[in-house]
Amino acid sequence: MKRSYLPVALLLAVLMLNIIVTQYMVHQYFYQNYVSTIVAGIMNLILFPLAFLIYKKGVNVND
Amino acid sequence: MTDKNNKIPFDEDNYTHNINRNNERKLDRRGFMKTLVGAAGVFAVSSLPWGAVAAKELVGLGDKKYPKQKIVDVKAIPVGDAVDFHFPGEHDSAILIRLSENKYVAYQNACTHLRCPVFWQKEEGDLLCPCHHGKFDVETGAPTAGPPRRPLPEIYLKVENDTVYAVGVKRYEA
Ligand code: FES
């Protein structure tokens, strides 16, 4: 039974990206760059299914 | 010595580790990953309102119309003094400073760090945010010290018949 911690690391990376993108989004909103705000928002939306895929792939390995 | 008390779960006949909490010891690798996916979901959902408001701004953009609003009479504000007012909305607090005989500046005075109200410090000639000691340049609204990174939004002014009016809010250059 060897479990892989790669998905955990990937998910942590996703979380880090989430934080960065969210902060960027809020700042761009206040800077009135509304296009960048929306792009960042979409990034955040895409990161969720990505995280879910990583999880799905990751749990099936073992454990 | 047996290691029966090191087993998980413990055998029932022990008197020290007999509290059974639900899901104790359950934050294994899988549980942790679930939490992370959940966090990603929370981030995704919480970006929705920002996107929506931004889209709204984007659609209704074409030069917003601001009402011309009286702030004070020139007589009522000596050189070097400041008055608070609200512009363009009731909840957008702002500050007007008379720098010299004919020079007025006005900014929306919600600090660009965490939105505390910014005050005019006559002696130092600074706009000071008391919350975390952010400072802004009075001529331009640019942050000069402390946590704020974004300039204060400037308000366009017009002086007519000895009265100061607010006529618009300057946009940031995109
Ligand atoms: S809120 Fe103004 S410095 Fe933090």
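**Exercise 1.** Classify B:Lys122, at 47% relative accessibility, as buried, partly exposed or exposed, and find its salt-bridge partner.

Solution.
- Step 1. The model is a predicted one. Buried means under 20% relative accessible area and exposed means over 50%. At 47%, B:Lys122 therefore counts as partly exposed.
- Step 2. The partner of B:Lys122 is B:Asp81, and the closest N and O atoms of this salt bridge are 3.0 Å apart.
- Step 3. B:Lys122 sits in the loop between strand 5 (119-121) and strand 6 (126-129) of chain B, while B:Asp81 sits in the loop between strand 1 and strand 2 of chain B, so the salt bridge ties together parts 41 residues apart in sequence.
- Step 4. B:Asp81 has 25% relative accessibility and so also counts as partly exposed.

**Exercise 2.** Locate both ends of the salt bridge between B:Glu160 and B:Lys68, and state how many salt bridges the structure holds over all chains.

Solution.
- Step 1. Over all chains, the count of salt bridges is seven.
- Step 2. In the pair of B:Glu160 and B:Lys68, the closest N and O atoms lie 2.7 Å apart.
- Step 3. B:Glu160 belongs to strand 9 (residues 155-160) of chain B, and B:Lys68 to the loop between helix 1 (29-59) and strand 1 (69-73) of chain B; the two are 92 residues apart, and the pair links distant parts of the chain.
- Step 4. B:Glu160 is partly exposed because its relative accessibility is 29%. B:Lys68, at 47%, is partly exposed as well.

**Exercise 3.** Is B:Arg98 buried or exposed, and is its salt-bridge partner B:Glu101 buried or exposed?

Solution.
- Step 1. Side chains of opposite charge can pair when their charged atoms come close. For B:Arg98 and B:Glu101, the closest N and O atoms are 3.0 Å apart, and the pair forms a salt bridge.
- Step 2. B:Arg98 has a relative accessible area of 6%, so it is buried.
- Step 3. B:Glu101 reaches 52% relative accessibility and therefore counts as exposed.

**Exercise 4.** Work out which strands stand at the edges of the three-stranded sheet in chain B.

Solution.
- Step 1. The sheet is open, its strand order is 2-3-4, and the pairing is antiparallel.
- Step 2. Strand 2 (82-86) and strand 4 (104-108) of chain B each have a single partner strand, which means that one side of each lacks a neighbour in the sheet; these are the edge strands.
- Step 3. On average, neighbouring strands in this sheet are turned by 25° against each other, direction ignored.
- Step 4. Strand 2 and strand 3 (residues 93-98) of chain B are joined by five bridges. B:His86 faces B:Ser93 of strand 3 in chain B.
- Step 5. UniProt (unreviewed entry) annotates residues 69-166 of chain B as "domain: Rieske". That stretch is 0% helix and 45% strand, with its end C-alpha atoms 5 Å apart.

**Exercise 5.** Describe the contact between chain B and chain A by residues, area and salt bridges.

Solution.
- Step 1. Chain B contributes 28 residues to the contact and chain A contributes 34.
- Step 2. About 3,000 Å² is buried between the two chains, with 72% coming from carbon and sulfur atoms.
- Step 3. Of the area that chain B buries against chain A, 25% comes from B:Arg29, B:Phe43 and B:Trp50, more than from any other three residues.
- Step 4. Between chain B and chain A there are zero salt bridges.
- Step 5. In chain A, the unreviewed UniProt entry places a "transmembrane region" at residues 32-55. Over these residues chain A is 92% helix and 0% strand, and the end C-alpha atoms are 36 Å apart.

Note on methods:
Residues numbered from 1 in each chain as written. Chains lettered and ligands numbered in written order. Predicted model: local features only at pLDDT ≥ 70, side-chain atom pairs only at ≥ 80, totals over all residues. Heavy atoms only, no water. Pairing = 2+ DSSP bridges. Helix = DSSP H or I, 4+ residues; strand = E, 2+ residues; numbered from the N terminus. Axes fitted to C-alpha atoms, helices over the stretch in contact; angles between N-to-C directions. UniProt positions renumbered as here; feature names shortened; annotations may be inferred. Salt bridge = Lys/Arg side-chain N within 4 Å of Asp/Glu carboxyl O. Buried < 20%, exposed > 50% of the residue type's maximum accessible area, 1.4 Å probe, protein only. Contact = heavy atoms within 4.5 Å. Buried area = accessible area lost by both parts, 1.4 Å probe.
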